[in-house]
Amino acid sequence: MKLSQFRFRLTEDRLALEPPHKTFENEDGSVEKVYRRDECRLMVVHRKSQTIDMHVKDAKGNDTDEFLMFRDIINYFDEGDVMVLNDTKVFPARLYGTKEKTDAKIEVFLLRELNEELRLWDVLVEPARKIRIGNKLFFEEDGPMVAEVIDNTTSRGRTLRFLYDCPHDEFKKELFALGSAPLPRYIVNKRDVTPDDMENFQTIYAKNEGAVTAPASGLHFSRELLKRLEIRGIEFANITVHCGLGAFDTIEVEDLTKHKMSSEQVIIGNDACDAVNQGKADGHHICAIGVSTLRATESAVGTDGLLKEFDGWTNRFIFPPYDFGLADSLVANFYQPESTMLMATAAFGGYDLIMEAYQKALDNGYMFGCYGDAMLILDD
């Protein structure tokens with residue numbers, strides 16, 4: 001397929017800047033926000049019947065005026081069905097420092113630690129034109145956190161060596177204390193990052209630190225919803241995919257077969273394999289929560305259709321047409337035009353049906369992006 005087939009007009013006002021929430025004014029005049037993860041809208045796409053549900057149905061099966069909420073997802077799964085969750089944990093990857101001598105403000109986006117002993121980190125810097133090998137960056141006016149640029153990796157990429165002499169755990173704690181939630185650029189360009197974002201931009205089941213962006217489709221699950229799913233008999237299989245920025249890379253070729261994805265680290269253990277394979281053997285649904293999960297499981301499924309243990313990296317790029325080997329349902333967000341996540345969603349649900357769903361979303365006020373609304377694709 002061609003890049004231009006995934007182009008559509010999305011105005012900035014349709015990008016959600018915050019999760020669903022209710023705002024209350026206290027007696028002292030202060031404003032408080034109560035976030036409700038599972039109260040975004042849910043669109044349900046049925047790929048075999050080629051139908052799309054947006055509204056709650058009445059007792060006779062007719063649509064009402066009430067939109068489906070994400071918490072209604074429980075009505076589409078039964079005891080023994082398996083949801084595959086990505087339990088990666090986002091760390092506060094965005095820091096701001098100043099360049100020595102000039103005091104120019106520099107954004108440093110931590111990608112991954114390269115060497116624990118030497119305090120080497122792979123980072124992105126902005127504005128990159130001001131940062132050269134040998135420059136030093138200061139992260140507190142009078143604090144001890146200093147970094148030296150020792151290599152150029154890409155046009156914006158640098159390798160930093162942090163000059164901080166202390167045990168590694170203490171260094172990591174101090175480094176992360178300087179950082180903020182690594183929200184997408186379309187959000188930080190519109191509003192300030194708040195302390196709430198570090199919690200909101202994290203799934204409630206996050207466990208294994210290593211992601212620089214959230215597995216956003218999992219953000220919709222609240223503790224209450226997970227408990228209700230558990231009581232219903234839904235099984236959960238946890239895998240780890242340390243989400244990087246590769247999924248957001250601009251595609252610069254019209255022919256999608258020529259695009260190369262950046263790699264993400266994937267860890268799939270025996271427990272997850274057992275849960276998924278048993279569920280599949282018993283004829284239950286296997287639902288991938290998010291495109292990161294979908295890419296990982298497709299990288300680890302065998303020719304027999306069973307999930308295998310995996311500890312490594314994947315750069316799998318999924319776009320139509322694609323034959324999926326494991327999951328038969330998918331939870332996704334509404335993604336931006338020409339994005340790799342949209343392409344993977346279209347591969348799973350079928351290009352024509354998913355683009356029809358996106359048009360309905362645009363026509364009916366659905367919100368896009370990591371804090372936006374959700375889509376459930378079912379194989380029925």
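Colleague: Which residues does threonine 98 touch, not counting residues up to four places away in sequence?

Modeller: Keep in mind that this is a predicted model. Threonine 98 has its place in strand 9, residues 94-99. Leaving out residues up to four places away in sequence, threonine 98 touches Asp103, Ala104, Lys136, Leu137 and Phe138.

Colleague: How far apart in space are threonine 98 and phenylalanine 139, C-alpha to C-alpha?

Modeller: Along the sequence, 41 residues separate threonine 98 and phenylalanine 139. In space, C-alpha to C-alpha, the two are 6.5 Å apart.

Colleague: Is threonine 98 buried, partly exposed or exposed?

Modeller: Its relative accessible area is 29%. Buried would need under 20% and exposed over 50%. Threonine 98 therefore counts as partly exposed.

Colleague: And valine 90, buried or exposed?

Modeller: Valine 90 is found in strand 8, residues 88-90. Its relative accessibility is 3%, and the cut-off for buried is under 20%. So valine 90 counts as buried.

Colleague: Which residues is valine 90 in contact with, leaving aside its neighbours within four places in sequence?

Modeller: Here's one pair to start with: valine 90 and alanine 206 are 116 residues apart in sequence and 7.9 Å apart in space, C-alpha to C-alpha. As for contacts, leaving aside neighbours within four places in sequence, valine 90 meets Pro182, Met198, Phe201, Gln202, Ala211, Thr213 and Ala214.

Colleague: Let's turn to the sheet. Which are the edge strands?

Modeller: The sheet is open and has 9 strands, in the order 4-3-21-20-18-7-16-17-19, with mixed pairing. An edge strand here pairs on one side only. Those are strand 4 (51-53) and strand 19 (310-314).

Colleague: What does the twist average from one strand to the next?

Modeller: Take the strands of that open sheet in their order, 4-3-21-20-18-7-16-17-19. From one to the next, the twist averages 20°.

Colleague: In strand 16 and in strand 18, which residues are the bridge partners of methionine 83?

Modeller: Strand 7 (residues 82-86) pairs in the parallel sense with strand 18 (residues 286-289) over 3 bridges. Strand 7 also pairs in the parallel sense with strand 16 (residues 235-242), over 5 bridges. For methionine 83, the bridge partner in strand 16 is phenylalanine 236, and in strand 18 it is cysteine 287.

Colleague: Why is strand 7 largely enclosed by the rest of the structure?

Modeller: In a regular strand the side chains alternate between the two faces of the sheet. In strand 7, Val82, Val84 and Asn86 lie on one side and Met83 and Leu85 on the other, and all are buried. Strand 7 is largely enclosed because its buried residues number 5 of the 5.

Colleague: Which strands does helix 8 touch where it packs on the sheet?

Modeller: Helix 8 covers residues 351-363, and its direction makes about 155° with that of strand 3. The strands it touches are strand 3 (42-46), strand 4, strand 20 (329-333) and strand 21 (374-378).

Colleague: How is helix 7 placed relative to helix 8: roughly parallel, roughly perpendicular or oblique?

Modeller: The axes of helix 7 (residues 340-349) and helix 8 come within 6 Å and cross at roughly 120°. The crossing is right-handed. Roughly perpendicular covers 65 to 115 degrees and roughly antiparallel starts over 145, so the angle makes helix 7 oblique to helix 8.

Colleague: By class, how many residues does the contact of helix 7 with helix 8 have?

Modeller: From helix 7 come Leu342, Thr345, Ala346 and Gly349, which meet Tyr351, Leu353, Ile354, Met355 and Tyr358 in helix 8. By class, that contact has 7 nonpolar, 2 polar and no charged residues.

Key
Residues are numbered from 1 along each chain as its sequence is written. This is a predicted model: local features need pLDDT of at least 70, side-chain atom pairs count only at pLDDT 80 or more; totals for chains, interfaces and linings use all residues. Side-chain values use heavy atoms; hydrogens and water are left out. Two strands pair if DSSP finds at least two bridges between them. Helices (H or I, at least four residues) and strands (E, at least two) are DSSP runs, numbered from the N terminus. Axes are lines fitted to C-alpha atoms, for helices over the stretch in contact, and angles run from 0 to 180 degrees between N-to-C directions. Contact means heavy atoms within 4.5 Å. Angles under 35 degrees count as roughly parallel, over 145 as roughly antiparallel, 65 to 115 as roughly perpendicular and the rest as oblique. A crossing is left-handed if the near helix is turned anticlockwise from the far one by less than a right angle, and right-handed if clockwise. Ala, Val, Leu, Ile, Met, Phe, Trp, Tyr, Cys and Pro count as nonpolar, Asp, Glu, Lys and Arg as charged, and the others, Gly among them, as polar. Buried means under 20% relative accessible area, exposed over 50%, partly exposed in between (1.4 Å probe, protein chains only).
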